[in-house]
Amino acid sequence: MMWRRLLLLGGGGLLALALGIGLGRLRAPRPPAPPQQTILPTPTPLPLPVQRQGDNRPRWKARWSRALPSPLSLSLAPDGGVALLTAQKQVQSLDARTGAALWSSPPLLLANRVTAVRGGRVLAGALYNPAVQKVWSLNPKTGQPSAFALPGTLWSLMATPDGSRAFFGTSANQIVAFSLLAPQPPPTTWSISALPETLALSTDGSAALTGTWLPAGVRRLGGWAYGDSDPARWQDVQVSADGATAVSLSGRLPRRSQKDLQLTGYDMDSGMRLWEKRIPGKQARVAVAADGQRIALTYLFETQRGGEARLLLLNRDGTPRGEEKGGRFFLPRLAALSALGERVTVLDGDRALFVLDGDGKTRWRLALPRAAPIQETLSTPDGAFLLLVRTDGTLTLYEALP
């Protein structure tokens with residue numbers, strides 16, 4: 001019996017011991033699980049900061065902006081004054097500082113063109129109208145008109161940048177220059193053998209050039225002349241303010257958007273052709289610096305990928321300065337060239353103004369307010385003022401900063 005009890009106890013002890021060991025194993029803490037890598041959603045990348053162009057120093061400052069009914073004709077004077085011809089055929093003069101109207105003239109019913117002159121005077125004429133053989137000169141203080149009689153129909157008109165003289169080309173194949181200073185000496189007349197379609201003048205008018213049509217050519221008043229083998233080509237001309245350099249931009253047929261463009265540089269004293277370049281596009285705009293040493297040109301052309309634009313910078317001898325700029329996404333249109341050619345301002349569509357240095361490197365970008373598209377840009381010969389004209393008639397005058 002004793003043996004059986006011990007056996008039972010022993011078996012129970014062994015069983016208890018086994019159960020204890022098992023329970024101990026069950027109660028023992030499990031080792032910590034290895035850390036799991038938390039997979040977070042990929043963060044949305046933050047937008048990159050806007051890249052500044054060049055050194056970001058402002059080159060233009062807005063003087064004033066005002067909305068006006070779309071004018072029939074508009075002109076910017078070298079001192080920043082603005083003249084416009086309203087739909088009622090009244091000439092208005094706008095103050096260079098504020099844009100306020102200084103005066104309005106009586107209606108000039110047949111006028112279709114105005115030219116703003118330094119000092120506040122305004123010239124008004126009726127281009128291509130054989131019924132009007134005169135040009136009006138409007139008083140800089142009152143706007144009262146007086147008239148210059150012309151030998152024929154008006155074909156071109158321009159005033160010297162210093163405001164001393166006005167030049168008028170007529171259908172009588174003559175160019176007449178009147179003094180705008182008092183007392184007024186007798187006018188000077190040049191006879192040519194073609195229609196004087198365009199005019200270009202140095203600061204004081206001592207160097208004057210005309211681009212003619214039917215037959216086409218370029219002529220210095222009182223000096224050299226070049227004819228064109230195609231008598232119906234048009235010729236736009238420009239002269240540097242110092243009278244040393246001239247350029248002509250010519251094209252086929254009267255429409256200025258035609259292709260087959262030719263750009264030519266001239267030495268004004270000798271009349272020597274310095275260079276010629278074919279422009280493979282249309283709607284070209286060209287400017288020559290006041291010192292005659294640099295030239296800027298923009299134009300549009302069609303490719304298999306669509307329309308593109310180019311900006312070309314040249315030295316006086318026709319050699320390029322830097323590489324051409326432009327393409328499908330940068331559409332430069334020449335707006336202004338500084339007096340020494342060291343700053344070139346272009347309009348990129350209706351979105352922004354870009355200012356580049358004389359080698360074509362971007363120095364500054366001005367984003368324009370989102371408003372009506374830019375219809376036209378006007379600048380002074382020395383690039384000191386720039387006028388933006390929007391399709392809704394809004395005018396904004398910018399002045400160049402040092």
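# Notebook: cavities, sheets and ring pairs

I began with the linings, where E23 contributes the most residues to the second largest cavity, namely 3. The model is predicted, and I kept local features only at pLDDT of at least 70 and side-chain atom pairs only at pLDDT 80 or more, while totals for chains, interfaces and linings use all residues. Residues are numbered from 1 along each chain as its sequence is written, and side-chain values use heavy atoms, with hydrogens and water left out.

**Entry 1, cavities.** Rolling a probe the size of a water molecule over the atoms shows where empty space is left. For a cavity I took a set of points, on a 1 Å grid over the protein atoms alone, where a 1.4 Å probe fits but cannot get out, and for its lining the residues that have an atom within 4 Å of a point. Grid points are joined across faces, edges and corners, and the volume is the space filled by probe spheres set on the points. With these settings I searched the whole structure and noted 2 cavities of 30 Å³ or more.

The second largest cavity holds about 30 Å³ of space. I listed its lining as Arg294, Ile295, Ala296, Leu313, Leu314, Arg321, Leu337, Gly341, Val344 and Gly358. Strand E23 (294-303) and strand E24 (306-315) each supply at least two of these residues; strands here are DSSP runs of E with at least two residues, numbered from the N terminus. Sorted by class, this lining has 6 nonpolar, 2 polar and 2 charged residues, where Ala, Val, Leu, Ile, Met, Phe, Trp, Tyr, Cys and Pro count as nonpolar, Asp, Glu, Lys and Arg as charged, and the others, Gly among them, as polar.

The largest cavity has a volume of about 60 Å³. Its lining is made up of Arg59, Trp60, Ala336, Leu337, Ser338, Arg343, Thr345, Val355, Gly383 and Ala400, and strand E25 (332-337) and strand E26 (343-348) each give at least two residues to it. The class count here is 5 nonpolar, 3 polar and 2 charged residues.

**Entry 2, the strands around E4.** I next followed pairing, for which two strands need at least two bridges between them in DSSP. Strand E3 (residues 82-85) and E4 run antiparallel and are joined by 4 bridges, with glutamine 92 in E4 as the bridge partner of leucine 84. On its way to strand E5 (residues 101-104), E4 is joined by 3 bridges, again antiparallel, and glutamine 92 stands opposite serine 104 in E5.

I also looked at the two hairpins. The one of E3 and E4 has 5 residues between the strands, and lysine 89 takes a positive phi near 65° there; the one of E4 and E5 has 6 residues between the strands, and glycine 99 takes a positive phi near 80°. From strand E4 (residues 91-94), Val91 and Ser93 point one way and Gln92 and Leu94 the other way, and all are buried (under 20% relative accessible area, with exposed over 50% and partly exposed in between, by a 1.4 Å probe on protein chains only).

**Entry 3, two open sheets.** One open sheet of 4 strands runs in the order E6-E7-E8-E9 with antiparallel pairing. Its edge strands are strand E6 (113-116) and strand E9 (145-149), each of which pairs on one side only. E6 and strand E7 (residues 122-125) pair over 4 bridges, and threonine 115 stands opposite leucine 123 in E7.

Another open sheet of 4 strands has the order E14-E15-E16-E17, also with antiparallel pairing. Strand E14 (195-201) and E17 stand at the edges with a single partner strand each, so one side of each is left without a neighbour in the sheet. E14 is joined to strand E15 (residues 208-213) by 6 bridges, and threonine 198 stands opposite glycine 211 in E15.

**Entry 4, ring pairs.** I noted 11 aromatic pairs in the structure, counting rings of Phe, Tyr and Trp (its six-membered ring) whose centres lie within 6.5 Å, with planes under 30 degrees apart as stacked, over 60 as edge-to-face and the rest as tilted. The rings of tyrosine 226 and tyrosine 266 have centres 5.7 Å apart and planes at 40°, so I entered this pair as tilted. Tyrosine 226 lies in strand E17 (residues 225-227) and tyrosine 266 in strand E20 (residues 261-267), so the pair ties together parts that are 40 residues apart in sequence. Tyrosine 226 is partly exposed at a relative accessible area of 25%, whereas tyrosine 266 counts as buried at 2%. Ring pairs also link Tyr128, Trp155 and Trp213 into a cluster.

Terms used:
On a 1 Å grid over the protein atoms alone, a cavity is a set of points where a 1.4 Å probe fits but cannot get out, and a pocket is an open set with protein on both sides within 12 Å along at least five of seven lines; lining residues have an atom within 4 Å of a point.
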